[in-house]
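Welcome, and thanks for taking a look at this one with us. Here is a short briefing to read alongside the structure.

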Amino acid sequence: IQADGTDGNCVTFVLHDEDHTLGNSLRYMVMKNPDVEFCGYCITHPSESKINFRIQTRGGLPAVEPFRKGLNDLVGVCQHVLSTFEVRHSWRAQG
């Protein structure tokens, strides 16, 4: 969903079947980008599993770019945590 009167630098993405686990982690990753002016999310209602995730950028950067980068960076972090866990778990199982 694109905010009215903008050229793509202020966008609200609707994420279905998600909660604070993804919302807060993704917000952290997106806010690491210095071209992001604002990033926040809200759970629409406790009975709905839906997040409104809003990004506003500066300098004409389309909001979808830091959104994609944040998702990719988050996947990378999760893969690192998983591989570290598997290495340590397999070491303990052998010991």
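A polar contact is a pair of N or O atoms within 3.5 Å; within protein, one atom must be able to donate a hydrogen and the other to accept it. With that in mind, the side chain of Thr57 reaches the backbone oxygen of Leu61 at 2.3 Å. Please keep in mind that this is a predicted model. The points below go through the aromatic rings, the strands, a few individual residues, the cysteines and the salt bridges.

**Aromatic rings**

- Two aromatic pairs are found in the model.
- In one of them, the ring centres of Phe13 and Phe67 are 4.0 Å apart and the planes meet at 5°; this pair counts as stacked because the angle is under 30 degrees.
- Phe13 belongs to strand S1 (residues 10-16) and Phe67 to helix H2 (residues 64-94), so this pair ties together parts that are 54 residues apart in sequence.
- Phe13 and Phe67 are both buried.
- Phe53 and Phe67 also pair, with ring centres 5.9 Å apart and planes at 50°, so here the arrangement is tilted.
- This pair, too, links distant parts of the chain: Phe53 sits in strand S3 (residues 50-57) and Phe67 in helix H2, 14 residues apart.
- How accessible are Phe53 and Phe67? Phe53 has a relative accessibility of 0% and counts as buried, while Phe67 is buried with a relative accessible area of 10%.
- Taken together, the ring pairs join Phe13, Phe53 and Phe67 into a cluster.

**Strands S1 and S3**

- Five of the seven residues of S1 are buried, which leaves this strand mostly covered.
- S1 pairs with S3 in the antiparallel sense, over seven bridges.
- If you would like a place to start tracing that pairing, Val11 has Ile55 in S3 as its bridge partner.

**Gly40 in strand S2**

- Gly40 is found in strand S2 (residues 36-43).
- Its relative accessibility is 13%, so Gly40 counts as buried.
- Which residues does Gly40 contact, leaving aside its neighbours within four places in sequence? They are Arg27, Asn52, Phe53 and Arg54; Phe53 is also a member of the ring cluster.
- The C-alpha atoms of Gly40 and Thr12 are separated by 9.4 Å, with their positions 28 residues apart along the chain.

**Thr57 and Asn33**

- Thr57 lies in strand S3 and is buried at 2% relative accessibility.
- Besides the polar contact with Leu61 described above, Thr57 touches Asn9, Asp35, Val36, Glu37, Pro62, Ala63 and Pro66, not counting residues up to four places away in sequence.
- Asn33 is placed in the loop between helix H1 (20-31) and S2.
- Although it sits in a loop, Asn33 is buried, with a relative accessible area of 17%.
- A polar atom of the Asn33 side chain lies 2.8 Å from the backbone nitrogen of Asp35.
- Asn33 touches Leu61 and Pro66, again not counting residues up to four places away in sequence.
- Pro66 therefore appears in the contact lists of Thr57 and Asn33, where contact means heavy atoms within 4.5 Å.

**Cysteines**

- How many disulfides does the structure hold? The number is zero.
- Cys10 is buried, with a relative accessible area of 6%.
- Cys42 is partly exposed, with a relative accessible area of 39%.

**Salt bridges**

- The model has two salt bridges.
- One is formed by Lys50 and Glu48, whose closest N and O atoms are 3.6 Å apart.
- Lys50 is partly exposed at a relative accessible area of 24%, and Glu48 is likewise partly exposed, at 36% relative accessibility.
- In the salt bridge between Lys69 and Asp73, the closest N and O atoms are 2.8 Å apart.
- Lys69 and Asp73 both belong to helix H2, where they are four residues apart, about one turn of the helix.
- Are Lys69 and Asp73 buried or partly exposed? Lys69 is partly exposed with a relative accessible area of 45%, and Asp73 is partly exposed with 28%.

How values were computed. Residues are numbered from 1 along each chain as its sequence is written. This is a predicted model: local features need pLDDT of at least 70, side-chain atom pairs count only at pLDDT 80 or more; totals for chains, interfaces and linings use all residues. Side-chain values use heavy atoms; hydrogens and water are left out. Rings of Phe, Tyr and Trp (its six-membered ring) pair if their centres lie within 6.5 Å; planes under 30 degrees apart count as stacked, over 60 as edge-to-face and the rest as tilted. Helices (H or I, at least four residues) and strands (E, at least two) are DSSP runs, numbered from the N terminus. Buried means under 20% relative accessible area, exposed over 50%, partly exposed in between (1.4 Å probe, protein chains only). A disulfide is a pair of cysteine sulfur atoms within 2.5 Å. Two strands pair if DSSP finds at least two bridges between them. A salt bridge is a side-chain nitrogen of Lys or Arg within 4 Å of a carboxyl oxygen of Asp or Glu.
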